[in-house]
Amino acid sequence: MYWLVGLVVALACGCFGKPGFTERSDASSGDDDAAMDAPCARRWQPAVTIPELTGLVTGEPTITGDRRIMMWARQTQAAFEWEIRWADRASVTDAFGPYPTEPFASGGPVDPDPSITDDGLLVLFRSGTPSRLFQAIRPDRLTTWLAGPVAGGPDLDVTSLDISADGLTAYYTDGTDLYSVSRATRSAAFGTPGPRLAQNVRFPAISGDELTIYYTTGGGGVYSKQRTSKTAAFPNTAPTTVYTDGKDPDVTADGTTLVLGKDGTGAGMAAFACDL
């Protein structure tokens with residue numbers, strides 16, 4: 001499990017929305033020399049701190065498409081138990097806060113690795129030993145979450161996960177192998193897992209068209225690969241390096257915003273801009 005003190009966000013154009021964030025036109029200094037052009041032909045830019053979330057995020061950040069809700073896993077000081085926390089803001093120019101703990105997946109010994117859909121109405125997470133898929137849903141953002149189990153198959157053991165933008169396909173790792181399971185509606189159980197999609201993948205994040213995957217491999221660094229169709233496996237070739245010291249990525253459906261943890265004291269939550 002990664003201990004995180006920051007987030008990194010990448011935008012196609014413009015800034016993340018926090019006052020004081022400025023758009024950058026290059027990535028030519030420090031670590032960012034290693035930030036390669038992503039498969040979508042964007043270039044990820046240097047991080048900018050979000051002070052109000054510094055030190056609050058300790059694992060697996062996930063963000064909604066409008067960049068107003070941030071959710072993450074947090075390990076408590078009591079018996080190393082885990083909880084899910086989130087932060088909201090009225091607009092992308094406002095600060096995040098407050099930071100409530102959700103009652104689902106709280107207080108357990110398993111890192112829940114939450115993933116929120118682009119509309120902010122469904123959260124997929126893992127729980128139990130071995131870990132299974134669970135979800136919390138709500139009809140709108142003003143309604144309390146309703147948590148319940150999601151059947152993923154009798155042999156499904158989830159080590160990390162991501163939910164597609166529409167909430168119908170879960171991408172998950174069983175160890176370091178990537179698989180997916182799909183369903184017809186958000187309230188339905190997931191079906192039988194498909195064939196292996198990739199190897200040496202942890203903490204996957206799938207793009208809105210489900211053709212690009214962002215992930216870590218267990219150490220520092222975030223990587224990406226592309227495939228030709230939603231039914232194809234990702235190629236067994238060297239990945240693109242997106243960021244050299246980030247971890248636990250998530251990406252919005254439009255592919256313009258990438259959030260990930262960033263090690264280093266004082267890093268806080270952070271943002272990138274990227275050039276098309």
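This passage describes the nonpolar core of a predicted model, together with its unusual backbone sites and several buried loop residues.

The largest nonpolar core comprises 13 residues. Within this core, the residues with the most contacts are Leu-124, Leu-133, Ala-170, Tyr-172 and Phe-190. Four elements each give two or more residues to the core: strands S8 (122-127), S11 (160-163), S12 (169-174) and S13 (177-182).

Tyr-172 was examined further. Neighbours up to four places away in sequence were set aside. Among the residues that Tyr-172 then touches are Leu-156, Val-158, Ser-160 and Leu-161. Tyr-172 also touches Asp-177, Leu-178, Tyr-179, Ser-180 and Val-181. Pro-193 is a further contact of Tyr-172.

Val-201 is found in the loop between S13 and strand S14 (202-206). Its C-alpha is 9.3 Å from that of Tyr-172, and the two residues are 29 apart in sequence. Val-201 counts as buried because its relative accessibility is 2%, against a cut-off of under 20%. With neighbours within four places left aside, Val-201 contacts Thr-173, Gly-175, Thr-176 and Leu-178. Contacts of Val-201 also include Ile-213, Tyr-215 and Thr-216. Leu-178 is thus listed for Val-201 and for Tyr-172.

A second buried loop residue is Thr-117. This threonine is placed in the loop between S7 and S8. The relative accessible area of Thr-117 is 0%, so the residue is buried. Beyond neighbours within four places in sequence, Thr-117 is in contact with Thr-64, Leu-122, Ile-163 and Ser-164. Ala-165, Gly-167 and Arg-186 are also in contact with Thr-117.

The backbone was considered next. Most residues other than glycine have a negative phi, and most peptide bonds are trans. Arg-67 has a positive phi, near 65°. This arginine is found in the loop between strand S4 (62-63) and strand S5 (69-75). Arg-67 counts as buried because its relative accessibility is 16%. Asp-113 also has a positive phi, near 50°. Its place is the loop between S6 and S7. Asp-113 is buried, since its relative accessible area is 4%.

The loop between strand S6 (82-88) and strand S7 (115-116) also holds Pro-98. A cis peptide bond joins Gly-97 to Pro-98. Omega at this bond is about -5°.

Conventions
Residues numbered from 1 in each chain as written. Predicted model: local features only at pLDDT ≥ 70, side-chain atom pairs only at ≥ 80, totals over all residues. Heavy atoms only, no water. Core = buried A, V, L, I, M, F, W, Y, C linked by side-chain atoms within 4.5 Å. Buried < 20%, exposed > 50% of the residue type's maximum accessible area, 1.4 Å probe, protein only. Contact = heavy atoms within 4.5 Å.
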